[in-house]
Amino acid sequence: MERVIDLDQAAAAIAGRAGRWLAAGLKVGQLTWRDEAAPWPQQLETDRALVRDPDSIGLLISGPTDAELSVVLFRGGWADVDFVADLDDAGMLPASGIDSAAAFGTRLDQWVPRVFGDLRDMQSWRD
């Protein structure tokens, strides 16, 4: 698979946002890594040190009323993004043409409010 995105930089983009998400009351799961060099079927690892040649990272964010956002970013420049905002609002979000970790961060900044709403509003209900 072509290396368009540095997944370590993408992981840093996630880490840079996780504090805001947690402060707003979201739950942020452990980052998972898949190693292209591992034998099939590749196992997902939570320890980056165990992955020699990462080809994807995955993240699950959950919030109130069972809302969830699942993102798997592939180093080739696309992601599988599935969400459930509520019983009447679920599906997949477009996620192609991601050409850098910064672009991935921008997409996260769009996907999270799409699924969970304005995080400032979430903070106010917790206070």
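# Briefing: strand pairing, two buried loop residues and a pocket

Ser70 stands opposite Asp82 in β6, and that pair is a good place to start looking around this predicted model. Ser70 also stands on the β5 side of another pairing, opposite Leu60. From there we can follow the strands through β4, then turn to two loop residues and finish at the largest pocket.

**β5 and its two neighbours**

- β5 covers residues 68-74 and pairs with β4 in the antiparallel sense, over seven bridges.
- On its other pairing, β5 is joined to β6, residues 78-86, by seven bridges, and these two strands also run antiparallel.
- Two of the residue pairs between β4 and β5 are worth displaying: Leu60 stands opposite Ser70, and Ser62 stands opposite Glu68.
- If you are tracing side chains along these strands, it helps to recall that in a regular strand they alternate between the two faces of the sheet.

**The two hairpins**

- β4 and β5 form a hairpin with five residues between the strands, and Thr65 takes a positive phi near 55 degrees there.
- β5 and β6 form a hairpin as well, with three residues between them.
- In the turn of the β5 and β6 hairpin, Gly77 has a positive phi of about 105 degrees.

**β4 and the strands before it**

- β4 spans residues 54-62, and eight of its nine residues are buried.
- Strand β1, residues 27-28, is joined to β4 by two bridges, with the strands antiparallel.
- Lys27 has Ser62 as its bridge partner in β4, while Ser62 also stands opposite Glu68 in β5.
- Strand β2, residues 32-35, runs antiparallel to β4 and is joined to it by four bridges.
- Within β4, Ile57 is the residue that Trp33 stands opposite.

**Leu26, just before β1**

- Leu26 sits in the loop between α1 and β1.
- Why does Leu26 count as buried? Its relative accessible area is 3%, and the cut-off for buried is under 20%.
- Leu26 and Ser62 are 36 residues apart along the chain, yet their C-alpha atoms are separated by 5.7 Å.

**Asp53, just before β4**

- Asp53 lies in the loop between β3, residues 44-45, and β4.
- Asp53 counts as buried because its relative accessibility is 16%, where buried means under 20%.
- Which side chain makes a polar contact of 2.7 Å with that of Asp53? The partner is Arg3.
- Leaving aside residues up to four places away in sequence, Asp53 touches Arg3, Arg34, Asp35, Glu36, Ala37 and Arg75.

**The largest pocket**

- The largest pocket has a volume of about 210 Å³.
- Twelve residues line the largest pocket, and those nearest its centre are Arg20, Trp21, Val112, Leu119 and Arg120.
- Three helices each supply at least two residues of this lining: α1 (7-23), α2 (101-116) and α3 (119-126).
- Which helix gives the most to the lining? That is α2, with four residues.
- By type, the lining holds seven nonpolar residues, one polar and four charged.

Technical notes. Residues are numbered from 1 along each chain as its sequence is written. This is a predicted model: local features need pLDDT of at least 70, side-chain atom pairs count only at pLDDT 80 or more; totals for chains, interfaces and linings use all residues. Side-chain values use heavy atoms; hydrogens and water are left out. On a 1 Å grid over the protein atoms alone, a cavity is a set of points where a 1.4 Å probe fits but cannot get out, and a pocket is an open set with protein on both sides within 12 Å along at least five of seven lines; lining residues have an atom within 4 Å of a point. Grid points are joined across faces, edges and corners, and a volume is the space filled by probe spheres set on the points. Ala, Val, Leu, Ile, Met, Phe, Trp, Tyr, Cys and Pro count as nonpolar, Asp, Glu, Lys and Arg as charged, and the others, Gly among them, as polar. Buried means under 20% relative accessible area, exposed over 50%, partly exposed in between (1.4 Å probe, protein chains only). A polar contact is a pair of N or O atoms within 3.5 Å; within protein, one must be able to donate a hydrogen and the other to accept it, and residues adjacent in sequence count only if both atoms are side-chain atoms. Contact means heavy atoms within 4.5 Å. Two strands pair if DSSP finds at least two bridges between them.
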